[in-house]
Amino acid sequence: MTVAVLTGVPGVGATTLAEHGLEELSERDVEYEVVSFGTVMLEVARDEGLVEERDEMRKLPSETQRDVQRQAGERISDMAEDANIMVDTHCTISTPEGYLPGLPKWVLDGLQPDVIVLVEATADEILFRRLDDETRERDFEGTEEITEHQEMNRAAAMSYATLTGATVKTIENSDGGLEEAASELADTLE
Ligand code: AP5
């Protein structure tokens, strides 16, 4: 079974790309399940009465986030035993206490990813996608902060690869380029 980790800064379109990539893979008779790390964390955090909405999680004390993260990693590792999975998550999370690694060693040990996909776009594209998305309580970041966050994600992805032997693939999800990106994702995972 293949474990693919799909990451990108919030608003880059990783979740949208996962959905389109899944369709493209299905047309090629390759089946994957998409698991949102954030959704599993939200289930854990709600069970413990810590938050009501997903955008509250990155504001929790980092120690609490680590504990919720660990429990989510364990639940997802169990799912990966029977199916190819695409884990929609983040290499780093921007918190009030600094960048929190999305896949620390204790999470990686359970997941053992085969490939880490970094979804990227220009800082301007990401800024406008966040502003246009009225369904979420996204933090405001300027283009310099978005650029720094993408650089942190690249560094984190290579560290995770060094610990696990996974490969790292970058995919550009530019405006108007979603189908091309989905096709590249399917080429990477089939
Ligand atoms: P999560 O559920 O991953 O939410 P998120 O961080 O906000 O990321 P999204 O999935 O909403 O954004 P996206 O990049 O997928 O963009 P989307 O496809 O929606 O995480 C929630 C929380 O969980 C995190 O904040 C964190 O607290 C926690 N968490 C998660 N993983 C964790 C971990 N490992 N450790 C610790 N905490 C963790 O697209 C955005 C918009 O762009 C849409 O309007 C879409 O239509 C548009 N769009 C997409 N592609 C294109 C394109 N090519 N052209 C034009 N528009 C496009």
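A pocket here is an open set of points on a 1 Å grid over the protein atoms alone, with protein on both sides within 12 Å along at least five of seven lines. Its lining residues have an atom within 4 Å of a point. Volume is the space filled by probe spheres set on the points, which are joined across faces, edges and corners.

This is a predicted model: local features need pLDDT of at least 70, side-chain atom pairs count only at pLDDT 80 or more, and totals for chains, interfaces and linings use all residues. Residues are numbered from 1 along each chain as its sequence is written, and side-chain values use heavy atoms, with hydrogens and water left out.

Pocket first. The largest one holds about 800 Å³ of space. It is lined by 35 residues, and closest to its centre are Pro 10, Arg 58, His 90, Arg 136 and Arg 138. Elements giving two or more residues to this lining include helix 1, helix 2 (37–47), helix 3 (62–79) and helix 5 (123–132). Strand 3 (85–89) and strand 4 (92–95) do so too. Helices (H or I, at least four residues) and strands (E, at least two) are DSSP runs, numbered from the N terminus. By class, the lining has nine nonpolar, 15 polar and 11 charged residues. Nonpolar means Ala, Val, Leu, Ile, Met, Phe, Trp, Tyr, Cys and Pro; charged means Asp, Glu, Lys and Arg; the others, Gly among them, are polar.

Now the helix pairs. Take helix 2 and helix 3. Their axes, lines fitted to C-alpha atoms over the stretch in contact, are 9 Å apart, at an angle of about 120°. Angles run from 0 to 180 degrees between N-to-C directions. The two helices are therefore oblique to each other. For the labels: under 35 degrees is roughly parallel, over 145 roughly antiparallel, 65 to 115 roughly perpendicular, the rest oblique. Contact (heavy atoms within 4.5 Å) involves Phe 37 and Val 40 of helix 2, among others, and Ile 76 and Met 79 of helix 3, among others. That contact has nine nonpolar, four polar and three charged residues.

Next, helix 5 and helix 6 (residues 143–164). They pack at about 110°, axes 9 Å apart. That makes helix 5 roughly perpendicular to helix 6. Among the contact residues are Ile 126 and Leu 127 of helix 5, and Ile 146 and Gln 150 of helix 6.

Last, helix 1 (residues 14–27) and helix 7 (residues 178–189). Their axes come within 8 Å and cross at roughly 60°. That makes helix 1 oblique to helix 7. The contact residues divide into nine nonpolar, four polar and two charged.

Key:
1 Å grid on protein atoms, 1.4 Å probe; cavity = no way out; pocket = protein on both sides within 12 Å on 5 of 7 lines; lining within 4 Å.
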